[in-house]
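User: Hey, could you walk me through this one? I'm new to reading structures.
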Amino acid sequence: MLQNTTVKDYLMLHFIVLIWGFTAILGLLISIPSVEIVFYRTLMASGFLGLVFLVKKQKVRLTNQELLKVIGTGFLISIHWILFFWAARVSTASVCLAGMATTSLWTAFIEPMVNKSKIKWFEILLGMMVISGLYVVFSFEGGYWLGLTMAVVSALIAAIFTVINGRLTKRHSPYVLTFYEMLGACIFSVLFMPFYAAFFTEGAGLQLIPQGWDWFWLFLLGGVCTVYAFSVSVELMRRLTAFAINLTVNLEPVYGIVLAVLIFGEKEQMTPGFYLGTLIILISVLLYPVFNYFNRRRQAKRVLGV
């Protein structure tokens with residue numbers, strides 16, 4: 001049962017979404033490449049949570065079967081983040097966030113497939129809107145096709161592990177899941193490093209030594225954008241409806257793009273066609289929870305015979 005909500009709760013939710021929108025910008029501010037960023041981010045997050053569990057003497061043991069599932073989900077998260085930061089590097093933060101805006105729509109299609117339920121008519125309609133928005137972006141920003149493609153694939157992977165987490169959180173503590181998933185993501189980044197160094201660094205090898213302000217940005221990424229933001233979002237779920245949370249989280253690309261323009265200036269200023277395509281994507285994303293809300297109300301009335 002939801003506890004009483006306050007204006008402060010809604011403001012805090014928007015603040016958390018703003019933090020998440022800042023992650024692509026941090027990926028550009030940090031000098032080391034995307035794989036190394038993910039390694040440090042997940043190492044810091046899992047290390048911090050592990051320390052908290054140690055101090056609180058909290059048990060985090062899982063069965064071998066469940067542990068493999070959670071670690072495997074962490075592998076997916078690692079791939080998602082590597083592609084996410086890489087997309088921002090080969091294009092811009094704005095292009096990356098435009099691609100990531102498709103996550104909730106991917107989730108809308110994947111979840112019925114996993115749960116073996118029917119795809120709703122409005123999900124198909126909104127999915128077509130997203131495709132049309134991506135087509136407009138590709139048409140006007142063809143030079144960034146690689147970054148946008150990587151961001152869309154990253155969004156698809158994010159949708160997959162979101163659906164998986166939806167099942168895992170019913171059986172395990174979200175904090176325990178986060179600890180093992182961050183540990184799994186860190187392990188994957190380490191396993192991927194030799195392949196990455198051999199084929200994607202053009203002979204430069206790995207860059208595992210952060211420079212200058214990198215440690216500060218990495219601390220913000222691992223501590224604030226990962227552990228803190230997640231902890232607060234879990235707490236807010238006790239007082240806010242899923243509808244309010246989903247609708248606000250969908251604003252992440254908007255906040256991120258605005259921040260990117262403010263911080264990087266002309267480098268992040270795109271053509272009008274890019275903003276038109278992104279607007280189409282965002283409208284479809286924001287409409288999804290609205291359609292879903294009224295669809296559930298209609299179904300509930302049918303069940304009650306109203």
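Analyst: Sure, let's begin with two helices: the axes of H4 (residues 64-90) and H8 (residues 145-168) come within 8 Å and cross at roughly 155°. Axes here are lines fitted to C-alpha atoms, over the stretch in contact, with angles from 0 to 180 degrees between N-to-C directions. Helices are DSSP runs (H or I, at least four residues), numbered from the N terminus. Because angles over 145 degrees count as roughly antiparallel, H4 is roughly antiparallel to H8.
User: Anything I should know about the model?
Analyst: It's predicted: local features need pLDDT of at least 70, side-chain atom pairs count only at pLDDT 80 or more, and totals for chains, interfaces and linings use all residues. Residues are numbered from 1 along each chain as its sequence is written, and side-chain values use heavy atoms, leaving out hydrogens and water.
User: OK, what residue classes are in the contact of H4 with H8?
Analyst: That contact has 19 nonpolar, 5 polar and 1 charged residues. Nonpolar means Ala, Val, Leu, Ile, Met, Phe, Trp, Tyr, Cys and Pro, charged means Asp, Glu, Lys and Arg, and the others, Gly among them, are polar.
User: How many salt bridges are there?
Analyst: The count comes to 2, taking a side-chain nitrogen of Lys or Arg within 4 Å of a carboxyl oxygen of Asp or Glu. One of them joins glutamate 66 and lysine 69, with the closest N and O atoms 3.4 Å apart.
User: How are glutamate 66 and lysine 69 placed in helix H4?
Analyst: They're 3 residues apart in H4, so about one helical turn separates them.
User: Switching topic, where does H10 bend?
Analyst: At alanine 229, by about 30°. That's the angle between axes fitted to the seven residues ending there and the seven starting there.
User: And what follows H3?
Analyst: Lysine 57, whose phi is positive, near 55°.

Technical notes: Angles under 35 degrees count as roughly parallel, over 145 as roughly antiparallel, 65 to 115 as roughly perpendicular and the rest as oblique.
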